[in-house]
Amino acid sequence: MNNFIKGAVVCAITLPSSISAATQSNAIDIACGQTYTVVSGDTLSGISLRAYGSLLYQPIYTANVDTIGANPDMIYVGQNFMVPCLSDDGTVVAAVEDQLIFTFNKASAPPFIINSGIVDAYLAEIAEVTEGRVTFVDPEVMNRDHAAQLDLVTSGAVDATYALNSHLADSHPLLQLSMEPMFGGSAEQTAVSMWRLHEDYLAKADYFPEAELLGFIASPAAHIWRDESMPVVAGEGIAAKNDYAIPYFDGLDTRGPAAMRAEVADWTATYEATHDNDPTFFLAHGAAIALGIWNEESTVSVMEVDNGLYTPTFSVVMSNDAWAQISAEDQAAIREVSGEALAHRSAAWDDFDNSFRSRMLDLGLNFAKADKALLDDLWLSSLTDLNAWTQAATDLGIPANEAVNAYLADLRSLENRLMYRSDETYVDQHPFVTGGL
C-alpha cells in the first residue's frame, strides 16, 4: 500500500541567470529542471518552498498533474515529480538545451553536515555556474557503504560521490597525510592545505587516474576522550590506544545516534568487564556527544591535541566518462567552484563541531590541553607512517620533504580560521618545519 501525504509542497532552486535574484537568494535545496522523489513529510507547498522560496506550488502541480491527479493535497511517498524552472515573472521556462544530468551518491544521511552544509550547496553552485547544463540528482538507491564509494564511480554505478580517504589507504597512500597525529586542524584548514598539496605536488604524479578529482572535504580533527580520573600522559603509547575504533562515518550517520549509542554502551560494558582501565576514544566534539561518549552526567574529559590526533578527509570524485561528456567551457566553470573553493566549504563542518564544543563548555565538560611532552610522544609515534608516506611520494618522483614542509606551512598560515587555538601550536616545532628531519 502506498504511503500518502496530504498538503501542498514547495522546493528550492539555483539555476540559470534568467531566474530572479530574489529566488536565487532563498535556501537551495531542490534544483529545478530535474526530478524530485517524494519522501515522508513532503507537501507540494513544502517542495515549492525549497525549490522557489515560495509556497505557490501551482507550477509543480501543473507539470505533474497526470501523476498527482485531481487533488494536489494528496501525494505519495516514492512519487517522482519534475520540478520546472521559473523565469523572473514566475512563468515556466523551457528545459535547458543539452542539459547533462548526473547521479551523485551521498554516502551519509541527508541531514548530516557533509550533505546539508557542504555538498548540497556545492552541487547547486555547479548547476548555477553552468546555467543548468550540468546538474546532479540522487541515484535511485543510495549506497551508504563508505568503503565502496570509489568503486561505485569507477564501475559506472554512479557518476560522482565523496569517498572517505581512509578507505583508500592501500590504493592512495598519499591522501593519508592528515591522518597522522598533528597533521590536521580545523576542517577548513585541513581541506585547503590538502588541496594545495594536491595542486602543487601530488597532481604532477598523476596519482589519481581512476576518476576526476574535484576537491577535498575535511571533518574537524579528533581529540582524546577518556575518563577524567585517568589523565593522558606521555609514554603510554596513546596513539595506538584507540581501544574502540568508532565507526563514526560507517554507522553513526546511517543508522542514527540512538543505534550507535546502544552499540557503544554494549561494547563499553563488555570492555569494562574484561579490562582494568576505562576505554579511550579518538573523536571530534560533535561525534563524542552524538555517540553518547560524553553527556552532562559523564565523567569523561577531553584532551585536545594541537592540530588533532587525526583528521579524516574525503575526496570528491566524478567518473572519467561522465567528466568527458561535459564541455570544456563548463569543465572550466566547475573547476572554478571546486578545488580550493570546495575545500573552504568545510568551514560549515567547523561551525557544526564548534557549536558542540561551546555547548559542552557551558555544561561543564573538563577540557585539557596536551602538553609538549605528550605532543612530542605523538610526533615520534607517527614517524613510521610518515616515513612510509615520504617513500611512496619519492617513488612517484615527488620531492617528499619539500611537499610535507609546504603542507605544514599551509596549516600554519590558516590557523587563524580556527575558533579555538593558542597563538603558537606544536606544528611550529615540527622537525619538518625546523629542518630537523
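Where does Tyr-162 lie? Tyr-162 lies in strand β7. The model shown here is predicted. This briefing starts at that residue, then moves through the strands, a helix and the aromatic rings.

**Tyr-162 and its surroundings**

- Tyr-162 has 0% relative accessibility. Buried means under 20%, so Tyr-162 counts as buried.
- Tyr-162 and Met-318 are 156 residues apart along the chain. Their C-alpha atoms are separated by 8.8 Å.
- Tyr-162 is also part of an aromatic cluster. The other members are Phe-102, Phe-104, Phe-112, Phe-136, Phe-314 and Trp-349.

**Strands β5, β6 and β7**

- Strand β5 covers residues 100-105, and strand β6 covers residues 134-137. The two pair in the parallel sense over four bridges.
- One bridge can be found by name: Thr-103 has Val-137 in β6 as its partner.
- Helix α5 spans residues 113-129. Together, β5, α5 and β6 make a β-α-β unit, and this unit is right-handed.
- β5 also pairs with β7, again in the parallel sense. Here there are two bridges. Asn-105 has its bridge partner, Thr-161, in β7.

**The sheet around β9**

- Which order do the strands take in the open sheet of four strands? The order is β10-β9-β11-β13, and the pairing is mixed.
- β10 (281-283) and β13 (367-369) are the edge strands. Each of them pairs on one side only.
- Neighbouring strands in this sheet are turned against each other by 30° on average, with direction ignored.
- Strand β9 covers residues 223-227. β9 pairs with β10 in the antiparallel sense over three bridges.
- Two of the residue partners between β9 and β10 are easy to look up. Ile-224 has Phe-282 as its bridge partner in β10. His-223 has Leu-283 as its partner there.
- β9 also pairs with strand β11, residues 300-304. This pairing is antiparallel and runs over four bridges. Asp-227 stands opposite Val-300 in β11.
- Is β9 largely enclosed or largely open? Five of the five residues of β9 are buried, so β9 is largely enclosed by the rest of the structure.

**Helix α17**

- Helix α17 has 14 residues. From its first C-alpha to its last, α17 reaches 20 Å. That is close to the 20 Å expected at 1.5 Å a residue.
- Which residues of α17 are buried? They are Ala-400, Ala-403, Val-404, Tyr-407, Leu-408, Asp-410 and Leu-411.
- These residues cover an arc of only 155° around the axis, so they are on the same side of α17.
- A general rule helps in reading such a pattern. An α-helix has 3.6 residues a turn, so residues three or four places apart point the same way.

**Aromatic pairs**

- The count comes to 13 aromatic pairs.
- Phe-183 and Tyr-407 form one such pair, and this pair is stacked. Their ring centres are 6.2 Å apart, with 10° between the planes.
- The pair links distant parts of the chain, with Phe-183 and Tyr-407 224 residues apart. Phe-183 is in the loop between β7 (160-164) and α7 (187-200). Tyr-407 is in α17, residues 400-413.
- Are Phe-183 and Tyr-407 buried or exposed? Phe-183 is buried, and Tyr-407 is buried too.

Key. Residues are numbered from 1 along each chain as its sequence is written. This is a predicted model: local features need pLDDT of at least 70, side-chain atom pairs count only at pLDDT 80 or more; totals for chains, interfaces and linings use all residues. Side-chain values use heavy atoms; hydrogens and water are left out. Rings of Phe, Tyr and Trp (its six-membered ring) pair if their centres lie within 6.5 Å; planes under 30 degrees apart count as stacked, over 60 as edge-to-face and the rest as tilted. Buried means under 20% relative accessible area, exposed over 50%, partly exposed in between (1.4 Å probe, protein chains only). Two strands pair if DSSP finds at least two bridges between them. Axes are lines fitted to C-alpha atoms, for helices over the stretch in contact, and angles run from 0 to 180 degrees between N-to-C directions. A crossover is right-handed if, with the strands pointing away from the viewer, the path from the first strand over the helix to the second runs clockwise. The expected span of a helix is 1.5 Å times one less than its number of residues. The arc is that of the directions from the helix axis to the C-beta atoms.
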